Amino acid sequence: MSKHLVAGRPEPTTHAANPSLWSPPPTWSGLAGQVRDVIDDLPRFPAAPLQRRWHQTWGATQAEVAAEMPGDRLFPRAQYRCTRAITIGASPEKVWPWLVQVGCLRGGWYADDLLDNFARPSVRRIVPELQDLRVGQWLAWVPKPSERTAFVVDSFARPSWLLWRSPNRTWAWRLIPHDSERTRLVARMHTVYEWRRPLALGTVLLMELADYPMMRRMLLGIRERAEAEQALAPESG
């Protein structure tokens, strides 16, 4: 059942106070792994503007790029647009919970934790306390978020699609059954460069340099986690 954004100020998530309940603090070995991940991604940051046309459709088919997704009409003049996709060896019902629990002080972003989650490891399990998806809920980027440093859950239809938005950005997810045990996970982002705002240049640098390497790692991180959980699930019958 889909839900639509309610009027009024978005509500911060109520489970952000104590992330140590589901994500232990980083260890030295964990930090070393995070550093290795960042080093591995480093060449992709400066190369991203040179590969813009290619990476904006990384992993996606022509049909997926052309297909309409939630939020497409909210920012028709967005300067940055991308559609990326990955095949995951688990059903949409098994992939969905990993999207629901993302966010700073929640499950993390499954990407470069050193850069986007303040070195706290992204969770590697489904956390029941974080499956509280609500329209109007904030998905923070930083520990003390504002309307400019958080996504808002705009609408969703479990487990088919999910739309996050901010004042200048939409981030849509679609989970398409690929067969009985696989999912095509499609992500689409639209970002408006608000040139009259003081931090507009920061937004441009973030999107043009960091979006591709971070999104690529996030998609791979979701696949790794969902498939690992699927491998541990008891066989039916």
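**Salt bridges and a kinked helix**

Arginine 148 and glutamate 194 join their side chains in a salt bridge, with N and O 2.6 Å apart. The pair links distant parts of the chain. Arginine 148 sits in the loop between β3 and β4 (150-157), and glutamate 194 in the loop between β7 and α7. They are 46 residues apart. Arginine 148 is partly exposed, at 32% relative accessibility. Glutamate 194 is also partly exposed, at 23%. All of this is read from a predicted model.

That bridge is one of 18 salt bridges found in a search of the whole structure. Two others involve helix α7, so it helps to look at that helix next.

Helix α7 covers residues 200-232, which is 33 residues. At 1.5 Å a residue it should span 48 Å. Its end C-alpha atoms are 45 Å apart, which agrees. The helix has a kink, though. The kink is about 55° and lies at alanine 210. Proline 213 follows shortly after.

Which residue does aspartate 211 of this helix pair with? Aspartate 211 forms a salt bridge with arginine 84, and the closest N and O atoms are 2.7 Å apart. Arginine 84 belongs to strand β2 (residues 80-88), so the bridge ties together parts that are 127 residues apart in sequence. Aspartate 211 has 8% relative accessibility, so it counts as buried. Arginine 84 is buried too, at 0%.

Further along α7 comes arginine 217. Its salt bridge partner is aspartate 41, with the closest N and O atoms 2.6 Å apart. Aspartate 41 lies in helix α1, so this pair ties together parts that are 176 residues apart in sequence. Is arginine 217 buried or exposed? It is buried, with a relative accessible area of 15%. Aspartate 41 is buried as well, at 0% relative accessibility. The two residues also belong to a wider network of salt bridges. Asp37, Asp40, Arg44, Asp112 and Arg216 are linked with them in that network.

Helix α1 (28-41) also has a nonpolar side to its story. Val35, Ile39, Leu42, Leu114 and Leu115 make a nonpolar surface patch of about 430 Å². Helices α1 and α6 (113-116) each supply at least two residues of this patch. Leucine 114 is found in α6. Its relative accessible area is 34%, so it counts as partly exposed.

After α6 the chain enters a loop that runs to β3 (138-140). Valine 135 is found in this loop. At 17% relative accessibility, valine 135 counts as buried. Its C-alpha atom is 5.7 Å from that of aspartate 154, although the two are 19 residues apart along the chain. Glycine 136 lies in the same loop, between α6 and β3. Glycine 136 is buried at 5% relative accessibility. The C-alpha atoms of glycine 136 and alanine 172 are separated by 15 Å, and these residues are 36 apart along the chain.

The last stop is strand β7 (residues 182-191), which holds threonine 191. Threonine 191 has 0% relative accessibility, so it counts as buried. What joins its side chain to that of arginine 169? A polar contact of 3.1 Å joins the side chains of threonine 191 and arginine 169.

Key
Residues numbered from 1 in each chain as written. Predicted model: local features only at pLDDT ≥ 70, side-chain atom pairs only at ≥ 80, totals over all residues. Heavy atoms only, no water. Helix = DSSP H or I, 4+ residues; strand = E, 2+ residues; numbered from the N terminus. Expected span 1.5 Å × (residues − 1). Bend = angle between axes of the 7 residues up to and from the residue. Patch = residues over 30% accessible without salt bridge, like charges linked within 9 Å, V, L, I, M, F, W, Y side chains within 5 Å. Areas by Shrake-Rupley, 256 points an atom, 1.4 Å probe, with all protein chains shown as cover. Salt bridge = Lys/Arg side-chain N within 4 Å of Asp/Glu carboxyl O. Buried < 20%, exposed > 50% of the residue type's maximum accessible area, 1.4 Å probe, protein only. Polar contact = N/O pair within 3.5 Å; in protein donor to acceptor, adjacent residues only side chain to side chain.
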